[in-house]
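Let's work through a few exercises together. Have a look at the sequence and the fold first, then try each task before reading its solution.

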Amino acid sequence: LFHLNEVRLEGLLPGGSYAYRIPGVLGDWTPFRTAERGSTTALLFPDSQSTDHYETWRKLYRGALEREPQADFTAHMGDLVDCGAWLEHWYDWFAAVKGGIDRVPVAPVMGNHDTYDEKARIGMPENYLAAFAPPTNGSALWDRWYYAFDSGPVRFLVVNTEWPESDSFRPGLLPEMKRWFREASKTAQPWKVVLMHRSAVANNIRGRKPRGLFSEAGRELMPLFDEAGVDLVVTAHLHTYRRRGRIRAFRRDASGPLYVVSGVAGNIRYNDFWIDSPFDEFVAPQPETDNYLVLRADASSLELSSRLPDGRQIDRSVLRKA
């Protein structure tokens, strides 16, 4: 048993310093700040599912925040835990982020493991949905499954890729989310960034039958991203860091969104598992360890860098606008 408190704050100003406390739960005042209007810095964390009580994840998360103490928020790219129905995994996950999540806002992305029941079958992700309160999306059936928010000059669109499984118990996620996306992606913000769990570009598995160049998520959503003029798509799921480059209409195209697979933030690794994709422009040094990403943006540039646990940079991409 654990207690969840939800309070909605309105009227906060950009670049402001504030503090909060919850009497009887958090007696001391906890400081936090809001993002500036013209710039943003975010920490993006890949799959943190773990088998070591989330100790690897704890060290990565806390080290990243120590090196980027002014981060405006953290995004968690799905598969936060190994099995969403197991409360002990959520206990360990939240213990790992204690001291950071208290003051730095969180943007969660739903992954397949976050929806698993006790027998590793897909089910309603009740613990995930109860644990986080992202902006509402206006849906009666799919609230908290996908959403959008602005930070600095960026419109972030958090997309849900779990419709193949969720259709088994509640059909209709994909068509409703597509309609929502077309409206949510209309913005005056200079940048549009998509965060979603499953990779759009597929990687075939060694020793298994080839599955093609694109996943179902890619085939369904990439045309939508082209239509909306998305600049960057960050995904996860594969437990490997790969920069795919810019793709439009399922072909290499410098005018398309930049696609990046974020890597792995827990201790479950798939070394020597994937066959490289023809779209891979950069693959993390092998065998891979855990990593995180730093995103920085202002009105004219957006930078995404991949870092090892000690902060060393292994890859960097910069997008620019006039």
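A salt bridge here is a side-chain nitrogen of Lys or Arg within 4 Å of a carboxyl oxygen of Asp or Glu. This is a predicted model, in which local features need pLDDT of at least 70, side-chain atom pairs count only at pLDDT 80 or more, and totals for chains, interfaces and linings use all residues. Residues are numbered from 1 along each chain as its sequence is written, and side-chain values use heavy atoms, with hydrogens and water left out.

**Exercise 1. Find the partner of Arg 242 and say which parts the pair ties together.**

Step 1: Arg 242 meets Asp 276 in a salt bridge, with 2.9 Å from N to O. Step 2: place both residues. Arg 242 lies in strand 10 (residues 241-248) and Asp 276 in the loop between strand 12 and strand 13, so this pair links parts that are 34 residues apart in sequence. (Strands, E, at least two residues, and helices, H or I, at least four, are DSSP runs numbered from the N terminus.) Step 3: check the cover. Arg 242 counts as buried because its relative accessibility is 4%; buried means under 20% relative accessible area, exposed over 50%, and partly exposed in between, with a 1.4 Å probe and protein chains only.

**Exercise 2. Work out the strand order of the open six-stranded sheet and name its edges.**

Step 1: read across the sheet, and you get 5-4-3-14-15-16, with mixed pairing. Two strands pair if DSSP finds at least two bridges between them. Step 2: look for strands that pair on one side only; these edges are strand 5 (106-108) and strand 16 (313-320). Step 3: add the twist, which averages 20° from one strand to the next. Angles like this run from 0 to 180 degrees between N-to-C directions, using axes fitted to C-alpha atoms (for helices, over the stretch in contact). Step 4: see what packs on the sheet. Helix 1 (residues 55-67) touches strand 3 (39-45), strand 4 (73-76) and strand 14 (292-298), and its direction makes about 165° with that of strand 3. Contact means heavy atoms within 4.5 Å.

**Exercise 3. Describe how strand 15 and strand 16 pair.**

Step 1: strand 15 (residues 301-307) runs antiparallel to strand 16, over seven bridges. Step 2: pick out facing residues. Ser 306 is opposite Asp 315, and Ser 301 is opposite Arg 320. Step 3: go round the hairpin, where five residues sit between the strands and Gly 311 has a positive phi near 95°. Step 4: spot the salt bridge from Arg 316 to Glu 303, whose closest N and O atoms are 3.2 Å apart. Arg 316 is in strand 16 and Glu 303 in strand 15, so the pair ties together parts 13 residues apart in sequence. Arg 316 is partly exposed, at 44% relative accessibility, while Glu 303 is buried, at 19%.

**Exercise 4. Tyr 54 and Asp 272: which is buried and which is exposed?**

Step 1: check the backbone. Tyr 54 has a positive phi near 65°, and Asp 272 has one near 60°. Step 2: locate them. Tyr 54 is in the loop between strand 3 and helix 1, whereas Asp 272 is in the loop between strand 12 (258-262) and strand 13. Step 3: compare the cover. Tyr 54 counts as buried because its relative accessibility is 1%, and Asp 272 counts as exposed because its value is 61%.
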